[in-house]
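Please open the model in your viewer and keep the selection panel at hand. The stops below go from one selection to the next.

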Amino acid sequence: MNKKELVQKIVEDHDTLTKKAVEEIVSSVFDEIVKSLEDNESVDLFGFGKFEISERSAREGINPATKEKIQISASRSVKFKPSKSLKDKVNQ
């Protein structure tokens, strides 16, 4: 499911909401999640899961094609940990 399909599903489930209103709400939710992660804050959505920033330090790697050693720079990535209730629903 992509963002467009999510918006359409919400519009179908809620007769009183317009497609434009739902698009604005969904975009706003995603924007707020991104802003919090940019500020290095975690986002905990009860019953769904938790988004966190993971810091990776600089390290040495190997280019698999040439076997040459390369330097990999430090980076940040987003990690998602699903809640227990989400895991339980998926595994039913």
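Contact here means that heavy atoms lie within 4.5 Å of each other. That cut-off will be needed at the stop on S36. The model is predicted.

**Whole chain**

Begin with the protein chain in cartoon view, coloured by secondary structure. Three helices and five strands make up its secondary structure. Followed along the sequence, the order is α-α-β-β-β-β-β-α.

Now show the C-alpha trace alone. Along its principal axes the trace spans about 60 × 30 × 30 Å. The radius of gyration of the protein chain is 19 Å, whereas a compact globule of 92 residues would have one near 12 Å.

Switch to a surface next. About 7700 Å² of the protein chain is exposed, and carbon and sulfur atoms supply 53% of that area. Of the 92 residues, 14% count as buried. Among contacts with a separation of 6 or more, 33% are between residues 24 or more positions apart.

**Helix α1: K9 and D13**

Select residues 3–13, which are helix α1, and show the side chains of K9 and D13. These two form a salt bridge, with 3.5 Å between the closest N and O atoms. K9 and D13 are four residues apart in helix α1, so about one helical turn separates them. K9 counts as partly exposed because its relative accessibility is 40%. D13 also counts as partly exposed, at 47%.

**Helix α2: S36**

Move on to residues 19–38, helix α2, and pick S36 within it. Is S36 buried or exposed? S36 counts as buried because its relative accessibility is 19%, and buried means under 20%. Which residues does S36 touch, leaving out those up to four places away in sequence? They are E41 and V43.

**Hairpin β1-β2**

V43 leads to the next selection: strand β1, residues 43–45, together with strand β2, residues 49–56. The two strands run antiparallel and are joined by three bridges. V43 stands opposite F51 in β2, and L45 stands opposite G49. Three residues lie between the strands of this hairpin. Pick G47 in the turn, where phi is positive, at about 85°.

Stay on β2 and show the side chains of K50 and E52. They meet in a salt bridge, at 3.8 Å from N to O. K50 is partly exposed, with a relative accessible area of 29%. E52 is partly exposed as well, at 35%.

**Adding β5**

Extend the selection to strand β5, residues 75–82. Eight bridges pair β5 with β2 in the antiparallel sense. G49 in particular has P82 of β5 as its bridge partner. With β5 in view, the sheet can be read as a whole: three strands form an open sheet in the order β1-β2-β5, with antiparallel pairing. β1 and β5 are the edge strands, each pairing on one side only. On average, neighbouring strands of this sheet are turned by 25° against each other, direction ignored.

**Last stop: E60 and K69**

Finish with E60 and K69. A salt bridge joins them, and their closest N and O atoms are 3.7 Å apart. Both E60 and K69 are exposed. How many salt bridges does a search of the whole structure find? The search finds six, among them the pairs K9 and D13, K50 and E52, and E60 and K69.

Note on methods: Residues are numbered from 1 along each chain as its sequence is written. This is a predicted model: local features need pLDDT of at least 70, side-chain atom pairs count only at pLDDT 80 or more; totals for chains, interfaces and linings use all residues. Side-chain values use heavy atoms; hydrogens and water are left out. Two strands pair if DSSP finds at least two bridges between them. Axes are lines fitted to C-alpha atoms, for helices over the stretch in contact, and angles run from 0 to 180 degrees between N-to-C directions. The radius of gyration is taken over C-alpha atoms; the globule rule is 2.2 Å times the number of residues to the power 0.38. Buried means under 20% relative accessible area, exposed over 50%, partly exposed in between (1.4 Å probe, protein chains only). Accessible areas come from the Shrake-Rupley method with a 1.4 Å probe; for residues, only the protein chains shown count as cover. A salt bridge is a side-chain nitrogen of Lys or Arg within 4 Å of a carboxyl oxygen of Asp or Glu.
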